[in-house]
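I opened the notebook on this model to look up what surrounds the ligand, and then to follow the fold outward from there.

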Amino acid sequence: MLSVISSRTVLLTAVVALAVLLPAAPADAWSGAGFVKRGAFVKFLVTATAATAATLPAATIAAAILTLPPAATTLPAATPPANANSCGNTILPESTVPGAYYVKCFDQKIRQITLQDGQTLDITQGSTNAGMGGRTGIALWNSSILLTRLLTSLCAEGRALVSSSAKNEDVNVIELGCGVGLPSLAVAKYVKGVAATDGNEEVLQLTRQNARDNGKGNVAVGGLRWGEMLDDSYDNKFDLAIGSDLTYNSAAWPLLTETLVSVLRPNGRFIYLITGHAGFNLESELNGFLTFLEGAGGLRVNAVLGRELTERMRALVGAEEGMVLRDGGVKVVVIDRK
Ligand SMILES: C[S@@+](CC[C@H](N)C(=O)[O-])C[C@H]1O[C@@H](n2cnc3c(N)ncnc32)[C@H](O)[C@@H]1O
């Protein structure tokens with residue numbers, strides 16, 4: 001069923017694997033080593049520019065992601081709050097702790113997120129007491145909040161997420177590596193249905209609870225490990241895939257690519273957002289992933305948006321500047337299924 005990875009991709013896998021460092025860092029249990037740390041180098045083969053975006057012009061995406069929700073006007077200083085309960089929508093800088101990266105807000109049991117479209121979502125997170133190794137999805141990452149801002153802003157403005165011929169209310173969405181599920185829950189009110197998926201059962205339990213607590217009846221939560229789909233229930237079902245912070249492990253790049261080709265309908269779209277992590281190299285991470293993806297043949301990079309977001313973020317979001325400017329800032333990638 002999942003046979004889209006060509007020998008060309010295998011070759012690219014080998015080339016990129018040689019080019020990246022494989023440091024000792026906690027991986028998700030099923031994905032092994034292969035984290036893309038600072039100092040790694042992968043030649044940037046993808047030349048797509050923002051100008052090629054068809055239905056989501058760069059300026060639109062940049063404006064959407066940088067339009068902060070109302071609560072942002074009361075953001076605390078960049079210093080993490082002493083009390084995690086005050087996290088709210090805050091994008092906090094990461095502090096490196098031995099073997100991992102971490103923000104204070106991971107410790108908050110329920111994180112309340114208010115969006116600029118008026119939605120307020122209560123997101124339950126897992127306990128960090130048992131560590132994050134293999135369970136990175138138990139907490140809400142900065143990328144997830146930024147992706148949610150982007151998607152809800154576009155929808156609230158009436159922008160077509162996939163193509164001008166597909167109304168958002170007819171669109172079926174799948175989130176890959178959904179973690180605690182914020183983007184899925186937030187976009188649900190604008191689309192036909194959302195499949196919030198992840199490979200970790202503990203994470204899925206949290207997402208189920210979050211869907212229930214926030215009354216999101218059109219969000220179906222289910223297990224999906226990239227490259228390991230046991231049945232065809234997700235095959236060719238989705239117009240739009242979304243995801244945030246999924247490419248930190250190079251071993252996952254071909255699996256993620258394979259999964260995207262499998263779940264997306266022809267002409268479907270993947271909107272992916274990542275932020276830099278303390279000690280990780282965002283450029284290498286993204287470029288390595290996109291190299292795989294283009295080599296696999298079923299997908300086309302429509303737009304890569306980055307530096308312009310960072311510049312505007314710097315001007316607009318003083319309290320978030322530290323996180324945003326470090327380690328490569330923020331990037332949004334729009335990828336189309338051929
Ligand atoms: C860094 S977390 C990001 C979670 C969420 N997207 C966010 O930004 O808050 C990475 C997520 O990908 C999931 N994941 C990692 N490898 C996976 C795989 N091979 N298949 C499915 N999910 C995977 C993890 O369980 C985790 O939920």
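I began with the ligand in this predicted model, and I found 23 residues surrounding the ligand, the closest being Gly137, Ser144, Gly177, Gly179 and Gly199. I then sorted the residues of that shell by character, which gave nine nonpolar, ten polar and four charged.

Next I looked at the chain as a whole. I counted nine helices and eleven strands, and of the 338 residues I noted that 51% count as buried. Among contacts between residues at least 6 apart in sequence, I found that 73% join residues at least 24 apart.

I turned to the sheet and traced an open sheet of seven strands in the order β7-β6-β5-β8-β9-β11-β10, with mixed pairing. I noted β7 (219–223) and β10 (299–305) as the edge strands, each of which pairs on one side only, and I recorded a twist that averages 20 degrees from one strand to the next.

At the β10 edge, I followed the pairing with strand β11 (residues 330–337), which is antiparallel and runs over six bridges; there I saw alanine 303 standing opposite valine 334 in β11.

Last, I looked up two helices that pack on the sheet. Helix α3 (residues 142–156) touches β8 (238–244), β9 (264–275) and β11, and I noted that its direction makes about 130 degrees with that of β9. Helix α5 (residues 201–213) touches β6 (193–198) and the edge strand β7, and its direction makes about 170 degrees with that of β7.

Methods. Residues are numbered from 1 along each chain as its sequence is written. This is a predicted model: local features need pLDDT of at least 70, side-chain atom pairs count only at pLDDT 80 or more; totals for chains, interfaces and linings use all residues. A residue is near a molecule or strand if its C-beta atom, placed from the backbone, lies within 6 Å of it. Ala, Val, Leu, Ile, Met, Phe, Trp, Tyr, Cys and Pro count as nonpolar, Asp, Glu, Lys and Arg as charged, and the others, Gly among them, as polar. Helices (H or I, at least four residues) and strands (E, at least two) are DSSP runs, numbered from the N terminus. A residue is buried if 20 or more other C-beta atoms lie within 10 Å of its own, exposed if 12 or fewer, and partly exposed in between; C-beta atoms are placed from the backbone. Two residues are in contact if their C-beta atoms, placed from the backbone, lie within 7 Å. Two strands pair if DSSP finds at least two bridges between them. Axes are lines fitted to C-alpha atoms, for helices over the stretch in contact, and angles run from 0 to 180 degrees between N-to-C directions.
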